[in-house]
Amino acid sequence: MDTLACVKRVPDTGAKIVLTDDNQSIDTSNLGFTMSPHEECALEEAIQIAEETGGETTALTLGPPEADEQLRTALAMEADEAVLLETDGDEWGPQDTAAAIAAHVESSDAEYDLLLFGNEAADTANHQVPIHVAERLDLPAVTSIKSLDVADGTAVARREVPGGEEVYELPLPAVITVKEGLNEPRYPSIRSKMQARKKPVEEVQPERAGLDQLEMVELEAPEREEGAAEILGEGPEAVDEIVRVMREEVEVL
Amino acid sequence: MSSKELPASAETVVLGAGIVGNSLSYHLARYGREDIVLIDKGPLPDPGGSTGHASNFLMPVEHSKEMTHLTRRSIEQYKDFDTFTNSGGIEVARTAERVEELKRRVQSAKAWGEPAELLTPEEVEEKVPYVNTDIIEAGFYSEGAGTCDPLRAGEVMRERADAIASGEVDPDEVSDVDPEHVGDAEPDGGVQVQREQSSEGGLHVSPNTEVLDIHVEGGEVQAVETDRGTVEADEVVIAAGLWSPKLAKMAGVEIPLTPAVHQMVSVGPISFFEDYEGEISFPVVRDMDTQMYERQHGNDLEVGSYQHRPILWDVDDVPSIDEAPLSPTQPPLTDDAFEQSMEDALEIVPELLDDPDAGVRHEIDGLLSQTPDGAPLLGPLQDVDGLWSAAAVWIKEAPAIGEAVAQQMTRGWSDIDIHASDVNRFYEYGTSREFVKNRSHEGYQKIYGIVHPAEQWQSSRPLRTSAFYHRQDELDARFFEAAGWERPQWFESNRDLLTTYNSELADLMRPNEWDSRWWSPIILAEHLHMRDNVGLVGDMGFCIFDLIGPGATEYVERMAVGRMDVDVGKSVYTPILAENGGFVSDLSVVRLGENSYRVITGGAAGGSDKAWFRSHLPDDGSVQMVDRSSSLATLGVWGPEARNLVDSVTEEDMSHEAFPPYTAQEITIGEVDAWALRISYVGELGWEIYAPMEQGQRLWDTLWEAGQDHNVRPVGMGVYGTTARMEKGYRLYGHELELEYNPAEAGLTFHGVKDADFVGKEAYAEAIEEENTATLCTLSVDDHVSSDGERRFMLGNEPILDADGEEVLVDDEGRRSYVTSAGTGPTVGKHLLMAYLPQEYAEEGTQLTVEYMGEQYPVTVEVAGSRPLFDPSNERIRS
């Protein structure tokens with residue numbers, strides 16, 4: 001079974017977000033880049049499916065030339081092929097992105113049985129690209145999936161809901177978006193990282209369709225809790241101070 | 001110990017709560033500081049500096065004695081904190097050249113007293129079954145190596161510091177380690193600041209506190225201003241790792257280091273390790289030829305590299321704790337720089353890294369501190385009283401360095417001599433960003449490299465050139481650098497002298513490439529020419545400073561062993577001692593006038609000597625210190641023909657009667673008004689001539705032209721610093737003279753004990769009184785031929801063993817005998833070594849051996865003590 005896993009290059013999370021002076025983008029000078037965590041699971045799932053069924057995994061991203069780094073990671077995780085839909089570095093909206101991906105899938109020689117996406121990108125979180133792709137390719141789609149089984153032209157996908165889960169059965173090919181927790185993405189080995197650096201990456205320069213009507217006005221960094229841990233003491237002697245803090249500072253007592 | 005409020009004042013403020021700052025706090029408390037504030041901008045226990053991402057292994061053996069001793073001492077401390085695991089360590093060689101280097105490692109290990117041995121590839125495999133022995137030639141096994149937990153050690157040290165400083169426990173009670181020196185420290189008697197509100201004593205730890213400014217007034221540190229308030233302080237130590245330059249700048253001084261990337265990845269889980277308990281069960285492997293290491297850490301393998309291109313950061317670009325995903329000092333791995341390292345790692349430990357379940361779980365560009373010469377930056381910052389540096393320190397040395405700096409701060413000297421790491425060594429020439437960047441870039445590539453002891457730096461040169469530089473360059477000088485100064489080591493234009501002295505030199509030529517690297521036989525020929533005729537030597541790159549004022553005599557008297565109330569114009573060569581009677585320096589002092597003295601000392605130690613003198617200046621302003629190093633050009637004219645040459649161009653009478661030895665006079669040479677000192681470090685008649693730098697070239701030209709009638713030749717520092725010096729038995733600071741040895745042992749007691757008080761007097765008098773434990777001797781090599789028939793020449797730092805080559809000689813104080821200086825004496829026709837020998841061996845004619853590159857060579861004690869081998873009665877100097 002052949003799978004296309006779509007990933008996005010995003011700034012590494014986990015630190016205070018610093019914006020550029022014009023509030024138009026994130027200052028990434030101190031940040032590394034990674035693929036969105038949901039997408040990492042999509043990729044891992046695709047690779048596992050390929051390993052089990054003897055098919056191939058293609059990793060695809062739309063982004064600047066630097067997004068090659070994320071495709072190398074995908075290849076190091078044992079993806080078989082990699083495609084870079086190369087932009088000039090501008091952030092593309094979800095419709096343009098979806099149009100480019102769909103166009104590539106249509107024009108490609110490959111016949112994908114499954115198109116896997118992350119539920120949403122870690123940076124923009126539009127939740128849109130996979131749905132637009134499904135729409136354009138006229139494929140069934142299901143989102144927010146935490147468990148996936150594929151066999152004989154059918155996918156069984158499960159979504160967690162409060163108090164239980166929803167189970168979907170889809171005919172393949174289909175578009176499925178997944179969430180972190182679906183699996184445990186592998187760490188690439190040193191040898192596969194090395195080999196990945198030498199593998200080819202297909203580069204395509206898509207036309208930007210200009211469909212997105214949304215305009216970003218500016219970014220705003222959320223307030224952060226100034227929450228530095230403070231050691232109030234050790235052992236039983238700490239009790240008085242803890243009680244004092246709970247009473248006077250946190251006011252929970 | 002920790003609270004939100006920052007006290008308004010403290011005795012000592014330590015900036016940085018990494019391994020260094022914690023160690024400093026602990027040892028300062030041990031040595032009597034009772035009121036210490038420890039500040040870090042980050043949280044505890046890991047404030048986000050280099051301590052938090054180090055690979056935490058300690059390989060004790062280095063070619064530097066100081067570093068080996070500091071690491072061994074640190075291992076003792078980590079053991080005491082229960083944070084050390086003894087895994088052993090192996091350096092593997094992939095090349096024949098590296099095998100030689102590993103033999104030199106064994107040699108250094110023997111010299112510094114660390115167990116070590118060479119292993120065959122099979123023996124390496126026995127200890128580390130996963131190393132690919134197909135590609136290695138040998139291994140160097142360091143039994144004492146291991147790993148530590150610096151964050152836990154930091155916690156223990158903070159707890160102990162608080163307990164001691166607040167008086168809860170006695171310093172002796174908390175530690176198993178060497179209590180002998182504790183408790184004899186006295187507060188330094190500095191002026192106490194009036195405090196509005198004193199803290200209660202103990203160690204006050206203030207994490208998450210950002211330093212905004214360091215207040216300095218009248219050249220003295222006053223207070224540290226933070227975002228949680230201002231602390232007044234008597235003394236402040238900057239122990240902030242790669243942020244240290246930023247803090248130094250706040251006080252208007254410089255700590256020359258740059259953040260540099262050390263790439264590290266962690267690979268796991270590795271099933272091979274699952275059968276083993278604990279953090280580490282196999283020796284750490286250093287794959288020296290690829291500049292990498294592989295170290296087990298639980299089920300993971302940490303792979304670190306110094307092989308990649310140097311990646312230097314600007315400290316201002318290092319992110320804040322908030323802005324850094326992992327930590328400020330753990331930016332993301334630069335992938336392309338790590339490519340070759342991955343290949344090399346796969347080659348050396350394929351079995352582990354090809355484990356199908358193992359992947360790269362963690363990968364960083366770890367930031368560490370890189371200095372222009374790779375050594376730490378320690379000690380007092382001389383432009384601000386009370387401000388100290390303890391920066392650019394590796395995990396493996398940190399506990400001992402904290403201790404040594406604490407000893408310096410509290411009692412003026414440390415048990416382990418840390419002069420090679422003195423922060424002042426770059427003073428006034430090597431603190432620019434460009435210099436630090438260039439040298440760090442160059443030095444980074446020497447980490448794990450095979451570095452010849454005489455290897456020269458290539459970048460940022462020439463930086464300091466004397467007035468003679470262009471003339472010497474025309475004479476095809478080969479320049480070596482000292483304290484930034486370009487000094488000719490020898491002159492290729494003297495190559496014809498090799499023919500002249502062909503027969504004298506026949507047995508002294510060095511066929512081995514390593515022995516002759518950074519060396520030329522021309523040095524020996526220049527030496528012989530100078531002893532027969534006359535040579536021009538210079539500029540020596542001295543550090544020169546004048547001490548002027550009504551208090552000058554009293555002050556210099558207090559600083560020096562030698563008597564200073566001498567006649568105007570008289571020069572005195574004298575040891576400068578610490579209170580323990582060990583050497584801080586040796587130098588010449590010339591009385592220029594009733595209330596003025598000139599101090600002339602070696603350029604390399606100049607920065608630290610000045611710092612030492614400055615820190616002892618009287619508070620009442622009765623003595624001023626004026627630096628003359630850069631304004632005076634210094635030219636030595638030495639040899640039997642020196643008087644005839646100089647006399648032919650001076651206005652003054654240069655006869656023995658008019659200008660006796662060890663005196664100085666103003667003279668005029670041609671057009672140049674100069675100051676001449678009749679003294680010689682090469683054992684010849686002659687003068688050091690000091691001229692204003694801008695007239696230096698004229699001075700050179702005048703002597704050069706006149707010298708053509710006297711068969712003058714330019715002579716390099718190879719003669720001045722080594723061959724002639726060794727024949728005369730002259731001692732060199734940093735080689736023979738260190739804190740660990742006293743003047744009695746060094747054979748420098750000719751001053752006796754003067755009446756006036758001076759620093760180190762008590763210990764010095766005692767040392768003279770008692771019988772020596774060891775005595776500095778000059779030895780000669782009896783047989784140079786190695787097992788494969790090649791003549792070999794030792795270069796220094798080799799261990800001295802008994803006649804059978806069984807045991808390294810060790811004196812009653814546990815000090816081991818090693819070659820402090822090595823050099824060929826062409827006039828005496830022998831290769832000479834200096835070494836401190838235990839008293840029972842310090843006798844002329846004693847047969848011993850020296851170990852060099854894995855083989856032993858017979859040597860004989862030529863002189864016990866300081867008597868010159870060449871011209872023992874100094875007739876030449878006095879002629």
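Chain B of this predicted model is divided into five parts, which are listed here with the residue ranges that belong to each of them.

| Domain of chain B | Residues |
|---|---|
| domain 1 | 9-50 + 150-256 + 373-426 |
| domain 2 | 84-147 + 259-370 |
| domain 3 | 452-541 + 630-728 |
| domain 4 | 542-628 + 730-761 |
| domain 5 | 771-879 |

Domain 5 is thus given as one range, 771-879, whereas domain 1 is assembled from 9-50, 150-256 and 373-426.

**Confidence and overall form**

The mean pLDDT of chain B is 94, with 97% of its residues at 70 or more, and for the complex the predictor reports an ipTM of 0.82 together with a pTM of 0.92. An exception within chain B is the stretch of residues 179-198, where pLDDT stays under 50 and for which the model has 25 contacts beyond four places in sequence.

The secondary structure of chain B comprises 23 helices and 38 strands. Its C-alpha atoms fill a box of roughly 80 × 70 × 50 Å along the principal axes. The radius of gyration of chain B, 28 Å, agrees with a compact globule, because a globule of 879 residues would be expected to have a value near 29 Å. Buried residues account for 56% of the 879 residues in chain B, and of the contacts in chain B between residues at least 6 apart in sequence, 74% join residues at least 24 apart.

**Domain 3 against domain 5**

The C-alpha centres of domain 3 and domain 5 of chain B are separated by 27 Å, and 22 residues of domain 3 of chain B are in contact with 22 residues of domain 5 of chain B. On the domain 3 side, the elements that give two or more residues are α14 (502-505), α16 (522-532) and α21 (717-728) of chain B, and α21(B) gives the most, with five residues. By residue class, this side of domain 3 of chain B divides into nine nonpolar, six polar and seven charged residues.

**The six-stranded sheet**

Within chain B, six strands form an open sheet with antiparallel pairing, in the order β34-β37-β38-β33-β36-β35. The edges are taken by β34 (800-801) and β35 (819-825) of chain B, each of which has a single partner strand, so one side of each is left without a neighbour in the sheet.

Strand β38 (residues 855-864) of chain B is joined by five bridges to the antiparallel strand β33 (residues 774-781) of chain B, and B:Ser780 has B:Thr860 as its bridge partner in β38(B). Strand β37 (residues 847-852) of chain B also pairs with β38(B) in the antiparallel sense, over six bridges. In that pairing B:Gln847 is matched with B:Thr860, while the bridge partner of B:Thr849 in β38(B) is B:Pro858. The hairpin of β37(B) and β38(B) has two residues between the strands, and B:Met853 there takes a positive phi near 50°.

**Contact with chain A**

Between the chains, 24 residues of chain B are in contact with 21 residues of chain A. The elements giving two or more residues to the chain B side are α8 (335-348) and β17 (359-370) of chain B, and α8(B) gives the most, with six residues. The residues of chain B on this side divide into 14 nonpolar, three polar and seven charged.

Notes. Residues numbered from 1 in each chain as written. Chains lettered and ligands numbered in written order. Predicted model: local features only at pLDDT ≥ 70, side-chain atom pairs only at ≥ 80, totals over all residues. Contact = placed C-beta atoms within 7 Å. Helix = DSSP H or I, 4+ residues; strand = E, 2+ residues; numbered from the N terminus. Nonpolar A, V, L, I, M, F, W, Y, C, P; charged D, E, K, R; others polar. Pairing = 2+ DSSP bridges. Rg over C-alpha atoms; globule rule 2.2 N^0.38 Å. Buried ≥ 20, exposed ≤ 12 C-beta atoms within 10 Å, placed from the backbone. pLDDT = per-residue confidence, 0-100. Domains from an automatic or database assignment.
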